[in-house]
Each structure stands twice: as structure tokens, then as C-alpha cells.
Amino acid sequence: MHEQHHEHHEPGFWRKYIFSVDHKVIGIQYSLTSLLFLFFGFSLMMMMRWQLAYPGQPLPWIGRLFGEANMPEGVMVPEFYNQLGAMHGTIMVFLGVVPLAVGGFGNYILPLQIGAPDMAFPRINMASYWFLFVGGVVMLASFFLPGGAAQSGWTSYAPLANIAPTGQTAWLIGMIFLITSSLLGSINFIVTTVQLRVRGLSFFKLPFFVWAQFVTSFLLLLAFPPLEAAGVLQLMDRVAGTSFFLPSGLVVTGQPLEVSGGGNPLLWQHLFWFLAHPEVYVLILPALGIVAEVIANNTRKPLWGYRTMVYSLIFLGFMSFIVWAHHMFMTGMGTAMSTFFQATTMIISVPSVIILTCLAISLWGGSIRFTVPMHFALAFIPMFAIGGLTGLPLGLTASDLHLHDTYYVIGHFHYVVAPGTIFALFAGIYYWFPKVTGRMMNEKLGKLHFWLSLIFMNGVFTPMLLIGVAGVSRRLYDQTGYAHGAAVQDLTVFSSWSAWLLAVAQIPFIINFLMSMRKREKVRSDNPWEATTLEWATPTPPPHGNFPTAPQVYRGPYEYSVPGRSADFWPQHLPEEAESTQPRPATT
Amino acid sequence: MGETAYGWWLPMNVATYGGEVDYLINVIHWIMGILFVGWGIFFFYCLIRFRRREGQKAVYQPIHAKPAKYVEIGVIIAEAILLLSFSMPVWARFKHEFPAEKDALVVRVVAEQFAWNVHYSGKDGRFGRTAPQFISSSNLLGLDPDDPDGKDDINAVNQLHFPVNKPVIVHLSTKDVIHSFKIPVMRLTQDAIPGTEIKIWFEASRTGQFDLACAQLCGLGHYRMRGAVSVDTPEAFAKWMEERQSEVSGTGTEY
Amino acid sequence: MSAEVEIPYAVKPHPVTGLFNGKFGIWLFLASEVMLFGALFSTYVLLRVGAEAWPHGYSLLNVPLATLNTFVLILSSVTMVMAWASLKMGDFRKFRLNLGATILLAFVFLIVKSFEYGAKFEHHIHPATSTFYAIYFTLTGLHGLHVIGGILVNLYLLLPGSALWRTEPERFTNRIECAGLYWHFVDLVWIFLFPVLYLL
């Protein structure tokens with residue numbers, strides 16, 4: 001491929017930074033937007049934690065800012081608590097973690113790692129960001145509707161969601177925008193990965209990060225449409241008076257519901273969880289990808305069991321479609337169906353364990369550099385292990401009898417997503433920051449951010465596992481009314497304080513992030529981590545079109561410490577004969 | 001029951017099958033702990049032994065890790081055993097092996113936003129017919145006024161009394177949204193799904209006062225949808241039933 | 001116009017997959033649409049199986065009109081293929097006729113549909129009337145939205161979009177092929193919808 005010299009009209013501000021079709025700009029847009037939403041979603045939870053720790057107490061200083069409807073005299077009302085809960089979940093999953101992991105990291109890094117000049121469909125890429133943006137605005141605006149935002153959990157179970165205030169309709173509309181964004185993005189990722197790999201880059205020479213994004217995209221493509229269908233059906237129920245999810249004979253606050261009836265609340269649950277289970281793998285797979293990259297780079301040796309990891313990834317993706325009803329064990333499910341889903345749930349733990357074990361074994365025989373990204377990537381392993389292990393008692397019906405819908409579930413999934421995925425995302429930010437900005441983030445602030453976050457993450461979520469075993473249900477505005485809830489109130493208070501301190505622990509990160517972007521001292525190399533994958537072979541930051549000349553790939557993605565070579569890394573794109581370790585490809 | 005009944009791990013167990021649920025939970029956590037500690041030791045060993053330092057180099061193709069394969073196979077076998085030998089039998093017993101209705105106390109529980117209607121059949125042992133059109137603030141169960149069987153029916157709102165050492169069969173339903181019937185000390189959770197009536201059973205082996213909680217978000221009052229569970233001696237239970245029965249007037253339409 | 005990056009295989013097919021990017025993309029999109037309509041068909045099955053009584057579609061719906069619509073859509077798929085084939089043979093005039101016919105037939109479909117819906121509304125029959133009508137209106141309504149989407153895309157390609165034929169004929173032909181694949185899918189969904197809703 002040779003360069004095309006179009007007329008070099010320098011695009012104006014709007015085309016260059018706001019409505020750009022360049023995957024790198026779009027990746028940054030996704031990343032900044034989702035970081036803001038993560039901060040917002042986290043703030044919602046911090047307010048909830050006040051009510052949980054000190055039920056019925058006015059929130060100091062800021063309590064009265066939320067209006068008479070939500071917090072009269074600064075005391076949260078249950079409806080507002082439920083809004084905070086539903087929107088915390090929705091925003092963190094659909095506007096925070098996934099857009100950052102897939103829209104942010106995926107968009108920026110994937111084309112670079114395969115040597116492509118951009119995504120296969122740059123304009124669709126831009127459209128997918130703006131659909132996310134509109135969806136986010138709708139979700140935020142819903143707080144100001146009469147009755148407030150959605151308040152039936154992020155799970156929006158019928159019939160509660162059917163009869164909920166207007167905010168639920170806004171939630172459904174917002175979800176349609178977010179789902180559309182996701183579908184457009186996943187089509188782009190799949191086509192790009194298959195069609196735009198450079199010469200020599202066969203599938204089994206791809207970085208694990210690319211594989212992870214590739215499988216994730218299939219999950220998004222095939223799992224989201226049933227939720228979209230369900231959203232349409234719930235919209236019809238709410239707006240057109242249908243009864244898809246409403247059986248006959250319902251009486252709400254003494255008044256019979258004037259609907260045709262004949263519907264089934266479990267239909268919503270099946271359609272919802274058909275997406276939402278694969279969705280949790282969407283939350284974790286890109287993180288596994290990032291951790292794999294950082295570990296290979298900082299152990300200075302190839303990943304152990306790369307092929308096994310890839311096959312496990314594919315198997316995991318496939319299995320994720322047939323475990324969904326393990327979220328529904330307590331709905332009156334019989335033995336045949338529950339046996340099937342318990343079995344598939346046990347089976348799906350196998351590839352996860354394999355991938356995590358391979359990552360751990362990759363440490364053996366390495367030369368481990370404890371860089372800041374490596375701190376986060378290493379901590380990911382035990383944290384994700386706790387998350388995964390705590391899934392076991394939930395996946396078996398007999399133990400789920402006691403643990404279903406308790407704080408044990410909250411502890412389980414937060415371990416996977418918070419000190420799991422979010423730590424991996426931090427690792428990715430510290431790791432790829434120099435490629436995007438040309439500067440390294442400050443190491444001391446990074447390590448401070450790491451240690452405080454690690455301690456306080458565990459402070460928030462370990463108590464939840466105990467509170468759950470003690471029998472406390474989730475989504476309770478005030479658990480102290482129950483004897484078993486009052487008995488663990490100390491743990492609840494501890495969890496809340498850990499959460500607030502966790503927020504404070506993010507300050508070094510925010511300062512580091514903002515100040516490092518603009519600092520004078522730049523990196524002296526395009527490849528400061530001495531990595532092997534193609535994104536480090538571009539100029540810093542990569543220009544429009546990414547590679548001045550298209551690279552060619554000669555070897556696997558993690559050729560570190562190859563015997564007989566002077567340097568301890570051998571980039572993918574350097575021809576066999578080149579002894580030089582210069583990251584820039586030779587111009588002919 | 002005092003504060004010692006509840007703590008930072010499993011609450012006291014009052015149910016006959018509760019012990020098996022507890023056994024499974026504890027066994028799983030032991031397995032989880034052993035795996036975590038084992039992997040953790042390997043993990044920290046690597047971090048220390050293979051840290052980058054003067055003269056130390058990474059090895060390109062280090063080990064063939066047979067132990068890892070055996071651990072993996074061990075995990076699969078452990079999971080299979082947990083599933084087949086522990087979870088499935090307990091679940092099957094809970095779902096299928098119902099006590100005979102003549103040996104049990106049969107109760108209907110109708111959940112609503114935000115209360116539990118506990119429907120006893122009264123002296124005649126027969127439940128009156130209920131239908132949504134009869135529901136009113138003075139007839140929360142919707143008992144048909146023309147059905148003589150319902151005349152002596154009792155609705156003990158938010159109060160679930162039953163005798164110790166006797167199985168109880170609950171027919172669980174809901175008027176409006178999904179609720180969930182949860183008694184932590186009985187290790188019992190069952191969702192109430194609109195449009196369905198789900199049958200569950202349990203048997204308490206100890207007397208005492210316990211909590212019934214709603215375990216599925218059902219609206220703004222979800223957190224206060226608490227029922228008082230009282231496991232009584234047979235005499236105390238009989239006395240309580242008599243008191244409730246005498247409150248029911250001849251027409252039986254006050255509930 | 002800003003300096004646009006040239007994307008490989010946007011027009012020429014990839015040597016291994018044999019597809020140009022857009023065609024691959026459209027197939028993936030159709031896979032997601034299968035999941036979308038599949039979820040709605042599953043809803044139909046679940047509701048029907050769980051119902052005490054479920055009416056026969058032919059007793060409530062206008063089978064002759066729907067049969068006509070089925071032929072209209074099938075014919076429009078034929079004209080759509082011919083539009084693409086005309087471009088492949090370099091005959092731009094034939095292409096316009098065929099694509100125009102496709103759009104016209106799609107409008108006929110919608111007009112017939114509006115008569116059907118209109119008749120129902122006149123008798124005060126709405127989605128809320130029963131779960132049968134709820135799933136009938138939702139399935140056919142979503143399908144109708146897809147028909148409208150197809151009309152809009154085809155109108156664009158017939159009118160302003162056709163300017164691309166003069167500068168990049170192969171790229172334009174590829175776009176018609178992609179639009180054709182989408183249109184065939186819309187037709188195929190109807191071919192499942194019709195017997196399930198109207199005949200069973």
C-alpha cells in the first residue's frame with residue numbers, strides 16, 4: 001500500500017476535534033466522556049452509602065441541594081434512594097465501564113495494533129460515539145422528570161418498571177440509543193479486525209488485547225438485540241397500554257389495572273438476562289486483554305499459554321450465551337431447567353480459571369518490572385479471582401437459596417468489575433498514556449493512587465460478602481429494621497467510609513492525569529516501555545493514517561527475551577535481519 | 001432470640017433442611033479459600049523470585065506447568081461433586097419432596113406493595129375463593145363474600161405464625177409486582193411472580209421470633225416490607241389461632 | 001473536504017474473506033437483526049403457549065391484503081437484484097428504473113399496511129386490546145419501520161447518492177449490493193411474519 005496524497009485541507013476545529021472520523025480522536029472522546037460518567041455514577045453511590053450508614057440522617061452540607069422531592073431537609077426519601085441505585089448501575093455499566101473499555105481503549109488501540117490506518121467504517125465510528133452521547137444526555141436528563149429517574153433497578157423488572165414514573169420511559173429511550181451505539185461499534189470492530197490486519201499478521205500473531213476486543217464485539221452484536229426488543233415491548237406496555245409483561249388480575253394500590261392481561265413478567269427477565277449475562281463478559285474481556293498486554297511487557301517474556309488463552313476466550317464467549325437463567329433461580333424454576341443452567345454456569349468457570357491461571361503462570365521465569373501499570377495489572381489477578389470464586393456459591397441453587405439477591409451478589413460482581421476491570425482500565429491508562437500524549441504519568445502519584453485504591457476497594461466490598469451471608473437483601477433503603485440487618489450495621493458503616501476514602505484516593509489520579517497531559521517533559525522514545533506490539537511502532541502521537549508506511553509483521557506479539565538477541569524485546573514489525581531496536585520502521 | 005442469633009456470617013439456622021444449605025455454603029467457601037491461598041502463594045512467590053534485578057534475565061520458554069493442569073482438572077471435579085452431590089439433591093428435595101397436605105399447616109401468602117397478607121383457612125380447614133374484583137381496603141385478600149368457606153378465613157397481615165416441628169406449605173402469590181419471600185433463619189427464598197401461585201414448604205425445629213423480609217425490589221416501601229415470623233409451641237399456636245378466629249365476624253368480610 | 005484516510009478493501013474484496021468491508025458489515029448487521037426479530041418471535045411463542053385461548057390469525061386479520069403485500073415485497077426484492085445487476089452490466093438507466101420500482105413497491109406495501117391498520121383502529125382495536133394484537137402490531141410495526149428505513153436509504157441512493165456512479169462506479173455498485181442485502185432481509189422477515197401471524 002502506498003500513501004494517497006489528497007488535497008491537504010487542514011480540517012477546522014469542529015471537524016478535527018468534535019466531529020472527527022479519526023479513530024484516535026473518537027477513542028479519546030469515548031474515554032473522556034466515560035471517565036466523567038464513571039465519576040458521576042460513583043458520586044451517586046457515595047450518596048447512597050450515606051443513607052445506608054446513617055439511615056434517616058440529613059446529608060451534611062450538600063443534602064439540601066437536591067430539592068424537596070428527593071431530600072427534604074437533607075434526608076433522602078426511599079424513591080430517591082431507588083433512583084440513585086438504578087442509575088448507578090445503569091451509568092456505570094453502559095456509560096462508564098463498557099464505553100471506556102471498548103469505545104475508548106478498543107477504538108484507539110485496536111487499529112494501531114493491527115497496523116491499520118483507521119477503522120473499517122470511520123463515519124459509522126463517529127456516529128456510534130454520538131449515539132452514546134445522546135443516550136447519556138437522556139439518562140442524565142431523566143433525573144429532572146416528574147417522579148424522577150428510573151428507580152426499578154438497572155434490571156428494570158416488570159411489572160414494577162411498567163408502573164414506575166416517567167423516568168423509566170426515558171431509561172428505555174436512553175437504552176435504545178446506547179444499544180444502537182454499541183451495535184454500530186461492534187460491527188466496526190469485527191470487520192476491522194478481520195479485514196484490515198497488515199501483511200503477516202495472522203490471527204494467532206494478534207495481541208491478546210485484539211482477540212479480547214474481537215470476541216467482545218460478537219457478544220455485543222448478538223446479545224444486545226434481545227434487550228432492544230425487550231425495551232420496545234416495555235415501551236409498548238408503558239406507552240401503548242399493552243400487556244406483554246402484565247398478567248391478568250393485577251391490583252395496584254387497591255385499583256385493578258385496566259389492561260388486557262395475558263402477559264408474563266418472566267418474559268422480561270429472560271430477554272433482559274439474555275443480554276445482561278453476556279454483558280458481564282463484555283465488562284471483563286477487554287480488561288483481560290489489557291492485563292495480558294501489560295503483563296507480557298513487564299515480565300519481558302511471552303505470555304504463557306497464549307493459544308490456550310485464545311481458545312478459552314472463544315469458548316467463554318460462546319458459553320456466555322447459555323448461562324443467563326442463573327439469575328432467575330428463585331423465580332419458581334423447576335429442577336430440569338435449573339440443572340441445565342447450573343451445569344453451564346459451572347462449565348463457564350473453567351475458561352475463566354484457565355485464562356487467569358495462564359496470566360499467573362506468565363509471571364514464572366520473568367523479569368518483573370514493577371511499573372505503575374504493572375501494579376494494577378498484578379492486583380487484578382487476585383481481585384478478579386475473588387470475584388470469580390464468589391460466583392460459585394451463587395451459581396449453585398442450594399446455596400443461592402440463602403444468598404440470592406443479597407449483598408453477597410453485590411460483593412461478587414463488584415469484585416470483578418471494580419478492583420477487577422477498573423484496575424485493568426487504570427493499568428491501560430498509565431500504560432498507553434505516553435503513546436497518546438507523548439508524556440509519562442508521574443510514578444509516585446501513580447503508586448499512591450494504586451495502594452490507596454487497593455486498600456479501600458477491599459474495604460468497601462469484603463464487608464458486603466459478610467453482610468450477604470448474614471442474610472441482608474440488596475436494594476434496601478434501610479436495613480436496620482431487620483434483626484439480621486442491624487447486626488451487621490457496623491460493617492455497613494465501614495463499607496461506606498471505605499467508599500468515601502476510595503473517592504479521595506482518586507484525587508492523585510485526577511491530578512496526575514490532567515497535569516501530565518500538558519507537562520513539558522516529553523518521552524524521548526516512541527516506545528518508552530520497550531514493547532513489541534505495533535501501536536508502539538508509530539510516531540508519538542500517531543498521525544492521521546497512523547503509519548507513515550504500512551508495517552509488515554514477522555513474528556508473534558510477545559517476542560521478549562528471545563535467546564541470541566542483544567535486546568530483550570523484538571518488535572513484531574522489524575524484519576529478520578534488523579539488529580537495530582529502533583521502533584520506527586525503516587523507510588525504503 | 002437475642003443478638004447472638006445474628007452476626008457476621010450465617011444467621012442461626014431454624015429449618016430442618018437449613019443445615020444442608022449451610023454445609024454447602026461452608027464447604028464451597030473452604031474450597032474457595034484453599035484455591036485462593038494456593039494461587040496466592042504461587043503469585044507472591046513469583047513476584048519475589050522473579051523481580052527484575054541486577055543480572056537477572058527472563059526465560060523465553062520457561063516451564064511446562066503440569067501442576068496447573070492437575071489443579072484445573074481438580075477444580076472441575078470439585079465443581080461437579082458440589083453440583084451433583086450437594087446442590088442438586090438439596091434443591092430437588094426443596095422443590096419436589098413436599099410433605100402431604102394433611103400432615104402440614106397450609107397457608108396462603110399474598111404479597112402486595114408493601115405488606116404480606118397471610119391467609120389462614122380457619123376452623124373449617126378450607127380456603128374461601130378469592131378474586132381480584134373483591135379486593136378492597138377492608139378485604140385485602142379479595143375473599144368472595146358469597147363463598148361460605150371464606151367466612152372463617154383469617155388474614156394475619158404481616159404476621160406469620162406456625163407451630164414448631166410441623167411442616168408448613170405456603171402457596172405464594174402477589175397482587176401487583178414481583179416480591180420475594182425470604183426468611184433468613186429458614187434459609188428460604190422464593191420469588192412471588194404476578195400471575196402465578198408458587199408452592200413452597202419448610203419446617204422449623206426451634207421456636208422463636210424471626211424476620212420475614214421482601215427480597216426483590218418492589219417499590220419505595222420495599223425496605224419496610226417486613227413480616228414477623230413466630231414459631232410457636234403447639235399450645236401457643238392454637239391459642240393464637242383462637243384469638244384470630246374470634247376476631248373474624250360471621251360474614252368474614254373484614255379481611 | 002478533510003484529508004480522508006484510504007481504507008483497504010473498502011471497494012476491492014479481501015483476498016481471504018472474498019468480501020469488501022461494507023458487505024461484511026451488512027451481513028453482521030443482519031445477524032444482529034435476526035437476533036432482534038428472533039427475540040420478538042420468541043415472545044410470540046411464549047405468549048401463545050402461555051395463553052388460555054389464542055385466536056387464529058386468519059379469523060382476525062385481513063389475509064387477502066397481506067397475501068398481496070407478500071407478493072409486492074417479493075417482487076420488490078426481484079427488482080432490487082435487477083437494479084444491482086444492471087449496474088454490474090453498466091446500464092445506469094435500467095438501474096434507475098429498477099431501483100425506482102423497488103421504492104414504489106415498498107410504498108405500495110406501506111399503503112396496503114395503512115389500510116389494514118386503519119381498519120383495525122376504526123373498530124377501536126389497538127395494541128392494548130389483547131396480547132395477540134399487541135404482538136401483531138409490534139411485530140408488523142417494527143417491520144414497517146424497517147421498510148421505511150429501506151425506502152429512505154434507497155431514495156438516497158437513487159437521487160443524491162447516485163452521483164457516485166460517475167466518479168466511483170464500483171464503490172457505488174457495492175453500496176447497491178449492500179442495500180440489496182438489507183432489503184432481501186426485510187422481505188425475508190415478512191415471509192416469516194405472514195404465516196406466523198396471519199395463517200396459524
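Guide: In this predicted model, a helix is a DSSP run of H or I with at least four residues, and a strand is a run of E with at least two. Take residues 70-92 of chain B: the span is 100% helix and 0% strand. Its end C-alpha atoms lie 32 Å apart.

Visitor: Why is that stretch of chain B called a "transmembrane region"?

Guide: The name comes from UniProt, in an unreviewed entry. That record places the feature at residues 27-50 and 70-92 of chain B. Such annotations may be inferred rather than shown by experiment. For residues 27-50 of chain B, the model gives 96% helix and 0% strand, with the end C-alpha atoms 34 Å apart.

Visitor: Which residues of chain C carry that annotation?

Guide: The unreviewed UniProt entry lists residues 24-46, 66-85, 97-115, 135-159 and 180-199 of chain C. Residues 24-46 of chain C are 100% helix and 0% strand, and 33 Å separates the end C-alpha atoms. Residues 135-159 of chain C are 96% helix and 0% strand, and there the end C-alpha atoms are 36 Å apart.

Visitor: What makes α3(C) roughly antiparallel to α4(C)?

Guide: The angle does. Helix α3 (residues 63-88) and helix α4 (residues 92-122) of chain C pack at about 165°. Angles over 145 degrees count as roughly antiparallel, so α3(C) and α4(C) earn the term. Their axes are 8 Å apart. The contact of α3(C) with α4(C) has 18 nonpolar, 6 polar and 3 charged residues.

Visitor: In which hand does α3(C) pass α4(C)?

Guide: The crossing of α3(C) with α4(C) is left-handed.

Visitor: How do you know which strands of the chain B sheet are at its edges?

Guide: Look at the pairing. The sheet of chain B is open, with 5 strands in the order β4-β10-β9-β6-β7. β4 (159-163) and β7 (188-192) of chain B each pair on one side only, and they are the edge strands. Pairing in this sheet is mixed. Neighbouring strands are turned by 20° against each other on average, direction ignored.

Visitor: What makes β9(B) and β10(B) a pair?

Guide: Two strands pair if DSSP finds at least two bridges between them. Strands β9 (residues 208-214) and β10 (residues 227-232) of chain B have 5 bridges, so they meet that cut-off. Their sense is antiparallel. Gln209(B) stands opposite Ser230(B) in β10(B). Helix α3 (residues 234-247) of chain B packs on the sheet, where it touches β4 and β10 of chain B. The direction of this helix makes about 135° with that of β4(B).

Visitor: Which chains have the most contacts between them?

Guide: Chains A and B, among the 2 pairs of chains that touch. Here 83 residues of chain A are in contact with 81 residues of chain B. Helix α10 (residues 335-361) of chain A gives the largest share of the chain A side, 13 residues. That side divides into 46 nonpolar, 29 polar and 8 charged residues.

Visitor: What does chain A offer to chain C?

Guide: The contact takes 41 residues from chain A and 35 residues from chain C. α6 (167-195), α7 (208-239) and α8 (265-299) of chain A each supply at least two residues to the chain A side. The largest share, 9 residues, is that of α7(A). By class, the chain A side has 24 nonpolar, 14 polar and 3 charged residues.

Visitor: How do you know that chain B and chain C do not touch?

Guide: Contact needs C-beta atoms, placed from the backbone, within 7 Å. Chain B and chain C do not touch by that test. Their nearest C-alpha atoms are 11 Å apart.

Conventions. Residues numbered from 1 in each chain as written. Chains lettered and ligands numbered in written order. Predicted model: local features only at pLDDT ≥ 70, side-chain atom pairs only at ≥ 80, totals over all residues. Axes fitted to C-alpha atoms, helices over the stretch in contact; angles between N-to-C directions. Parallel < 35°, antiparallel > 145°, perpendicular 65-115°, else oblique. Left-handed = near helix turned anticlockwise from the far one by under 90°. Nonpolar A, V, L, I, M, F, W, Y, C, P; charged D, E, K, R; others polar.
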